[in-house]
Amino acid sequence: MASTTARLDLDGNTINPMTICMIGAGGFIGSHLCEKLMQETPHTVLAVDVYNDKIKHLLEPDSLPWAGRIQFHRLNIKNDSRLEGLIKCSDLTINLAAICTPADYNTRPLDTIYSNFIDALPVLKYCSENNKRLIHFSTCEVYGKTIGSYLPKDSPLRQDPAYYILKEDVSPCIFGSVEKQRWSYACAKQLIERLIYAEGAENGLEFTIVRPFNWIGPRMDFIPGIDGPSEGVPRVLACFSNNLLRREPLKLVDGGESQRTFVYIKDAIEAVLLMIENPGRASGHIFNVGNPNNEVTVRQLAEMMTKVYSKVSGEDSIETPTIDVSSKEFYGEGYDDSDKRIPDMTIINKQLGWNPKTSLWDLLESTLTYQHKTYAEAIKQAIAKPLAN
Ligand SMILES: NC(=O)c1ccc[n+]([C@@H]2O[C@H](COP(=O)([O-])OP(=O)(O)OC[C@H]3O[C@@H](n4cnc5c(N)ncnc54)[C@H](O)[C@@H]3O)[C@@H](O)[C@H]2O)c1
Ligand SMILES: O=c1ccn([C@@H]2O[C@H](COP(=O)(O)OP(=O)(O)O[C@H]3OC[C@@H](O)[C@H](O)[C@H]3O)[C@@H](O)[C@H]2O)c(=O)[nH]1
């Protein structure tokens, strides 16, 4: 419950309650951010989304301690004139709305580009015209591939951090060719970042851009055939969770050699709250938000998830826990991948003093405990049903 003592920002000033228009509030990150804002702050949230399943527990019943501080507005920002009014009556807009699953980037590139660029334009326009602050969610994918990935395999420079650490104000954005439609998302995100930055430079828009580096945790995406389409392909955490729950081998795309750093959603949300409540320190900045200490290859992630799931479910792992699949088979034509993603943390450290805390093992343990509790029974029933018929 929100504390009654005054909240202070990082400079010791009192934080006044604010109204936040949160677009995409019904998604994975939005649901955790709404939860944090309701449980720990006095702020009000106008939660905008086309779905609200992931925030239902915050909206009902009316007796919840924060009732009245969160309102759900079911609207599609593509074509709804109510959006401007909601932005106008808020102090801050946070835009999370996007198509952001890699399986869509090469198979639905038009929807991906529209969602990540065109649909964000009115949000930016209304914030700029009404002098409202904007926190916009971009992605670590804007960095694309590392410079090091273009060096010869045996080059010693590949070991030099200058060739792979990703810095907001220094690193270039390196994407594959246009035929590699994987990059439709990254490219759309890059262009909206540039437009927001330009609105700041030319028209004084107060903005913050967030580049999340693989935030994971409970409520991420969906489990195919249970709370999402049977043929759907979510992000890796949900793909591997689904395989573990169904006792199927985890599929390693192109050998599972790509590397990622994973950060626990609850750590990352702390960083967003600091941005919300410290505008003087956050405005005009682009922030990497990730955990450089949690780097693994996708193969290592699969191995660790298999061990953790065995521990939390009490079930032995299957005989062949992983299998290799080609990216063409798994994602279709036009897929490509980021080789390695380690965030530089200098700017977020200096501006907000934020550091991630949770190790990969610990965050997988709490997340897979949630997956097991939430889905194991439903999966059992789904598997038993066709047999019974
Ligand atoms: N989760 C991550 O690790 C990660 C990494 C990089 C970037 N991001 C960015 O963070 C943001 C949120 O990501 P997420 O993981 O919560 O994804 P998500 O898919 O769970 O949430 C996005 C939400 O936006 C809503 N939405 C999409 N289009 C809409 C529209 N036209 N009108 C209204 N609502 C709409 C969706 O219904 C969904 O609830 C996205 O912009 C994404 O690109 C996330
Ligand atoms: O079953 C699977 C799923 C995924 N993978 C691999 O696992 C890696 C991670 O895949 P994810 O689905 O989590 O997506 P990525 O990390 O590539 O991109 C994500 O990064 C940042 C955000 O902007 C987006 O949420 C998304 O684009 C990729 O190398 C992918 O090929 C598998 O090997 N097997």
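In this predicted model, helices α1 (28–40) and α7 (184–203) each supply at least two residues of the shell around ligand 1. That shell holds 25 residues. The closest are Phe28, Ile29, Asp49, Asn76 and Tyr185. By class, the shell around ligand 1 divides into 15 nonpolar, seven polar and three charged residues.

Polar contacts to ligand 1 involve both backbone and side-chain atoms. A polar backbone atom of Phe28 lies 2.8 Å from an oxygen atom of ligand 1. A nitrogen atom of ligand 1 is 3.0 Å from a backbone N or O atom of Ile77. The side chain of Lys189 places an N or O atom 2.8 Å from an oxygen atom of ligand 1. On its own, ligand 1 has 820 Å² of accessible area, and the protein covers 89% of this.

Ligand 2 is surrounded by 24 residues. Tyr105, Thr139, Glu141, Tyr185 and Asp337 are the closest. Tyr185 is thus listed among the closest residues for ligand 1 and for ligand 2. The shell around ligand 2 comprises 14 nonpolar, three polar and seven charged residues.

Side chains make several polar contacts with oxygen atoms of ligand 2. An N or O atom in the side chain of Tyr185 is 2.4 Å from one oxygen atom of this ligand. For Asn214, a polar side-chain atom lies 2.9 Å from an oxygen atom of ligand 2. For Arg341, the corresponding separation is 3.0 Å, again from a polar side-chain atom to an oxygen atom of ligand 2. Of the 660 Å² of accessible area that ligand 2 has on its own, the protein covers 96%. Four elements give two or more residues to the shell around ligand 2: α4 (102–105), α8 (236–245), β9 (250–253) and α12 (327–331).

Helix α8, one of the elements that contribute to the ligand 2 shell, also contains Asn242. Asn242 has a relative accessibility of 9%, so this residue counts as buried; the cut-off is under 20%. The side chain of Asn242 makes a polar contact with the side chain of Arg246, at 2.7 Å. Neighbours within four places in sequence aside, Asn242 is in contact with Ile223, Pro224 and Ile379.

The overall fold was then considered. The secondary structure of the protein chain comprises 14 helices and 15 strands. Along the principal axes, the C-alpha atoms fill a box of roughly 55 × 55 × 40 Å. The radius of gyration of the protein chain is 21 Å. This value agrees with a compact globule, because a globule of 389 residues would have a radius of gyration near 21 Å.

Burial and contact order were computed for the protein chain as a whole. Of its 389 residues, 53% count as buried. The protein chain exposes about 17,800 Å². Carbon and sulfur atoms supply 51% of that exposed area. Contacts between residues at least 6 apart in sequence were also examined. Among these, 80% join residues at least 24 apart.

Methods: Residues numbered from 1 in each chain as written. Chains lettered and ligands numbered in written order. Predicted model: local features only at pLDDT ≥ 70, side-chain atom pairs only at ≥ 80, totals over all residues. Heavy atoms only, no water. Near = heavy atom within 4 Å. Polar contact = N/O pair within 3.5 Å; in protein donor to acceptor, adjacent residues only side chain to side chain. Areas by Shrake-Rupley, 256 points an atom, 1.4 Å probe, with all protein chains shown as cover. Nonpolar A, V, L, I, M, F, W, Y, C, P; charged D, E, K, R; others polar. Rg over C-alpha atoms; globule rule 2.2 N^0.38 Å. Buried < 20%, exposed > 50% of the residue type's maximum accessible area, 1.4 Å probe, protein only. Contact = heavy atoms within 4.5 Å.
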